[in-house]
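Visitor: Hi! Could you walk me through this one? I'd like to start with how the copies are arranged.

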There are 2 protein chains.
Amino acid sequence: MPYYIGDVIKDEKKLVARTPEKFRETGVDTRIGIAAASIDRVNKNVLLSDAKSISYDILALGTGTTAFVPKAPGIEKEGVFVLKTLPDAIAIKSYLRDSPVRKALIVGAGFIGLEMCEALSSRNVQTDVIDLAPRPAMRWDPEFSKTIHDVLTGHGIGFFPNTGLKSIEDGKKFRLRLNTTEGDTEADMILIAIGVRPNVKLASDAGVQIGNSGAIRVDFSQRTSDADIYAVGDCCECYHRVSRKWTHIPLGDVANKQGRIAGTNIGNGTAIFPGVVGAQSFKIFDLAAAATGLDETEAKQAGYFPASSLIWGNAFAASLPGEKKLGLKLVADRATGMLLGAQTIGVRSAVDKINTLSCALWNGMRVEELAYLDLAYAPPFSTAWDPIHIAARELLKNL
Amino acid sequence: MPYYIGDVIKDEKKLVARTPEKFRETGVDTRIGIAAASIDRVNKNVLLSDAKSISYDILALGTGTTAFVPKAPGIEKEGVFVLKTLPDAIAIKSYLRDSPVRKALIVGAGFIGLEMCEALSSRNVQTDVIDLAPRPAMRWDPEFSKTIHDVLTGHGIGFFPNTGLKSIEDGKKFRLRLNTTEGDTEADMILIAIGVRPNVKLASDAGVQIGNSGAIRVDFSQRTSDADIYAVGDCCECYHRVSRKWTHIPLGDVANKQGRIAGTNIGNGTAIFPGVVGAQSFKIFDLAAAATGLDETEAKQAGYFPASSLIWGNAFAASLPGEKKLGLKLVADRATGMLLGAQTIGVRSAVDKINTLSCALWNGMRVEELAYLDLAYAPPFSTAWDPIHIAARELLKNL
């Protein structure tokens, strides 16, 4: 009988299917709210925090990630949050509801930090964001980061670059004071959004191999170095088809796919997770941002010789009304002419360009071919020469 | 010196760049409003309708298509239109402006017919459409055609299936009477929208080969059977990468690409047009419809053994507000598991799914791999399992 060990929030309507009762109906026993303390791989037992143990034939690890919190003085103060789990979100919403939050500070201008800029600002909370980096959304080209920066500014959100968190203390005007490398500022709430770390202790303590990325090493079947232990989701690595390296890309869609692959293999089927190309997207106010594959730095690290093009185009015919601007950057390998990556920003279609280009990356397409790729043209939905074609032609000049 | 022979509408602001003066500035001589009567391939001369001639080293044919008009009595009457050229569009707009059109009848429920349903209906013209086929947009699955039919009905547009045009005469209540195989009806305006035919007479009279599709045969360089004569655009064939046949797909984006390929080759460059996968789309009111590759009938004709799946999914997270429904049908080959085609209908993203799937078709992807394709997931833009993944998994059950 398979076991489920973990937290379930029974109050959340959407999670009803995960209650112990529901699991039991389908023949799955659950141990809710009990931690797995260690794995005895020799005797094939998991020791629980209540000193009981469960034996296994096949063990699947889905230990996820934990939001990274720096060891800064005062970081444990009330009003300082991370946003990783559903309880984190509930805690933030409760705090916003129970005590008037006039101003919020976000540490980290990545996906979560930027999405929370929109969420808090939309609740009329004055919001600023700091980052160690010189630009928000550093993965995107400086020209696109500038667009994001402009959107923040346009919504009254301050972005403070090259700024590190030093400590948090009680504030005077607002409840908390954030001391940074560039001076002090106050707010009623602070959100730490500087990334996540995979939860690998249970695995590594048991001698299960950890990959170079710091996440659990798995093969294409989602098996770890122990053939009876699988790992899936944010705690484990996935194969990047462009960098040809095993990487740690903790995203929900990847986790879903890995879960299905592991489940199929555990159930005596045969399934292979073919890897990722690094497709990702986020929304900030009316702006869509998406990326796939490698940027120039990652391309160099992977042994390629990157060249790039960046164009601004229209999502649909210029003669039709409506916001249609989008930017597209392509990165390719000078040596082979192969597409290596893409970034977009602008209207919603920006994300869809990235999906088409993810499929191109998946198949190792060359830029030359991309310049003539057959796409569905109709004036309300596209331009006769799609931004993909235009950017590909530009890039060919640089190869 | 290259020549341009054809019609230019000087009044249209957008076409200024095509006036003889503009061409002459760039070193191109033009003969506007003069037809090319015949090609003397031996002496490499084009005889013009004014009995003059122009010699050539390389000749490029871009003779396009003509809207097909059946030989029905009364078809030449005032108030009967086709919509192929800019003058056609101007004539329709003038007619609508100069004489009150209370009711319009459209013959043909393909792209042009359906788009004109929206255009006329939006001008408060009561509009009906007839077609020989049992459904509108026959290329789409009956379930999707039904959605299109429902949209027509919802906008007060009558669709009359299995109905052929017999003749047109003067009307009583309205200006024109249309006699059909299923009875008579009257309207102030009739639009014939039953397809186009490639203009190949100039080429075929000169002994240039015509392909099985009826359009001018070309190779991957856009050369015809005469190495000194190129053909581009709607008058010529293109290679279909899925059916592996030369086909006639007269679409603007394909024509643009072919023109660039021919121009590069004529200018002593080297370029290959890699063909099409049949990507296409149209909009009818708020509904987007798109397709790519082959439907089941075409797949059988091409020697495949088609199986299919059809699902309804969401364009983005169900928890977010807004219209998000879209339908997706996939067709694949039982023998190889290869994707053969796709059709979508619904919100705008439907078209973008088709673009991603066009890229998959272009690369000969198998459905098994499609089920795990890496796409950019974020709740405002997609679902963790994209409709593409869901439809691919469904299809795998049928292979």
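Guide: Happy to! A turn of 180 degrees with a shift of 0.0 Å along the axis lays chain B on chain A at an RMSD of 0.0 Å (least squares on C-alpha atoms of residues with pLDDT of at least 70 in both). That is the relation of a two-fold axis. This is a predicted model: local features need pLDDT of at least 70, side-chain atom pairs count only at pLDDT 80 or more, and totals for chains, interfaces and linings use all residues. Residues are numbered from 1 along each chain as its sequence is written, chains are lettered from A in the order in which they are written, and side-chain values use heavy atoms, without hydrogens and water.

Visitor: Which C-alpha of chain B is nearest the axis?

Guide: That of B:T356, 2.1 Å from the axis.

Visitor: And how many residues does each chain put into the contact?

Guide: Chain A gives 48 residues and chain B gives 48 residues, with contact meaning heavy atoms within 4.5 Å.

Visitor: How much area do they bury?

Guide: About 4500 Å² between them, 59% of it on carbon and sulfur atoms (accessible area, 1.4 Å probe, lost on being put together, summed over both). On the chain B side, B:Y372, B:D374 and B:F381 lose the most area to chain A, together 18% of what that side buries.

Visitor: Switching topic, how many salt bridges cross the interface?

Guide: The rule finds two (a side-chain nitrogen of Lys or Arg within 4 Å of a carboxyl oxygen of Asp or Glu). One of them pairs B:E369 with A:R241, whose closest N and O atoms are 3.5 Å apart.

Note on methods: Buried area = accessible area lost by both parts, 1.4 Å probe.
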